[in-house]
Amino acid sequence: MTPYLARLLEITLKNATIPRDWKIAIVVHICNGVYRSALSNFRHIISTTLVCKQLEHVIAGYLRQLWDKSDWIYEGQHGFRKGHSCESQVIRMCQDIAKTLGEEVGIDMIIIDFTKAFDLVPHNQLLTNLATSGVDARVVVWVSEFLVDRKQSVRIGGQL
C-alpha cells in the first residue's frame, strides 16, 4: 500500500486539493464512565477514511521530523512527541520537585488543563505558524485544504 499512498499524497500536494470524501467524518460517542446518563462520561471519536487517516500520519510524521531537526519544539514538550508522553512529563516534574526537597527553596507550579484546546485553535494562526516554522509551502496548503469545508455526521444507535 505504501507506494499507492505515497502517490496519492504526491498528487494531492501537487494539485493543492484533497478529495471531498476525505473531509467527511462520522462522530461516535463512547462512554468512558460508569453512568451513561451523564453526558460528561462520553467522549467522541471521529472516524475518517482510512486513506485520509494514513496520510494524516504521514504529514504528522513529516512535521515531527522537521521540528525535531530544527529544535523548533521546546525540549520540555512531552505530548505528541515520540518517546514522550503525559506520563513522562509527570515523571520529569516529580524528579524536578524531588531535587529541591533538601533545599530551602520554594516551588512554583502552574498546571493548565488543555482539554479540547485543539478544538479552539484558530486555523489561520495555525497555518501562519506552520509556514513560519519552515514547513514546505505545499504541506501548509495541504493542511489548509484538510481543514476547510469539512462535514461531520453524528452516529447514535446506528442512525446518522
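**Figure 1. Met93 and a nonpolar patch on the surface.** Let's start with Met93, which counts as partly exposed because its relative accessibility is 30%. The model shown here is a predicted one. Met93 belongs to helix α3, which covers residues 86–100. On the surface, Met93 joins Val90, Ile107, Met109 and Ile111 in a nonpolar patch, and together these residues have about 460 Å² of accessible area.

**Figure 2. An aromatic pair in helix α5.** How many aromatic pairs does a search of the whole structure find? There is 1. Its partners are Trp142 and Phe146, whose rings are stacked, with 5.7 Å from centre to centre and 5 degrees between the planes. Both residues sit in helix α5 (residues 137–147), and because they are 4 residues apart, about one helical turn separates them. Trp142 and Phe146 are both buried.

**Figure 3. An open sheet of 3 strands.** Follow the strands across this sheet and you meet them in the order β2-β1-β3, with mixed pairing. Why do β2 and β3 each have one side without a neighbour in the sheet? Strands β2 (42–47) and β3 (151–155) stand at the edges, so each has a single partner strand. Neighbouring strands are turned by 30 degrees against each other on average, ignoring direction. Strand β1 (residues 24–31) runs parallel to β3, and 5 bridges join the two. Take Val27 as an example: its bridge partner in β3 is Val154. As a general reminder, the strands of a sheet pair through backbone hydrogen bonds, either parallel or antiparallel.

**Figure 4. A salt bridge within helix α1.** The structure holds 3 salt bridges, and one of them links Glu10 with Arg7. Their closest N and O atoms are 2.8 Å apart. Both residues lie in helix α1 (residues 2–15), where a spacing of 3 residues makes about one turn of the helix. Glu10 is partly exposed, at 46% relative accessible area, and Arg7 is also partly exposed, at 46%.

**Figure 5. A salt bridge between distant parts of the chain.** Here Lys23 pairs with Glu145, and the closest N and O atoms are 3.5 Å apart. Lys23 comes from the loop between α1 and β1, while Glu145 comes from helix α5, 122 residues apart along the chain. Is Lys23 buried or exposed? With a relative accessible area of 6%, Lys23 is buried, whereas Glu145, at 21%, is partly exposed.

**Figure 6. Arg138 and Asp136 form a salt bridge.** In this pair, the closest N and O atoms are 3.1 Å apart. Arg138 is partly exposed at 47% relative accessibility, and Asp136 is partly exposed at 27%.

Technical notes:
Residues are numbered from 1 along each chain as its sequence is written. This is a predicted model: local features need pLDDT of at least 70, side-chain atom pairs count only at pLDDT 80 or more; totals for chains, interfaces and linings use all residues. Side-chain values use heavy atoms; hydrogens and water are left out. Two strands pair if DSSP finds at least two bridges between them. Axes are lines fitted to C-alpha atoms, for helices over the stretch in contact, and angles run from 0 to 180 degrees between N-to-C directions. Patches are made of residues with over 30% relative accessible area and no salt bridge: like charges are joined within 9 Å, nonpolar side chains (Val, Leu, Ile, Met, Phe, Trp, Tyr) within 5 Å. Accessible areas come from the Shrake-Rupley method with a 1.4 Å probe; for residues, only the protein chains shown count as cover. A salt bridge is a side-chain nitrogen of Lys or Arg within 4 Å of a carboxyl oxygen of Asp or Glu. Buried means under 20% relative accessible area, exposed over 50%, partly exposed in between (1.4 Å probe, protein chains only). Rings of Phe, Tyr and Trp (its six-membered ring) pair if their centres lie within 6.5 Å; planes under 30 degrees apart count as stacked, over 60 as edge-to-face and the rest as tilted.
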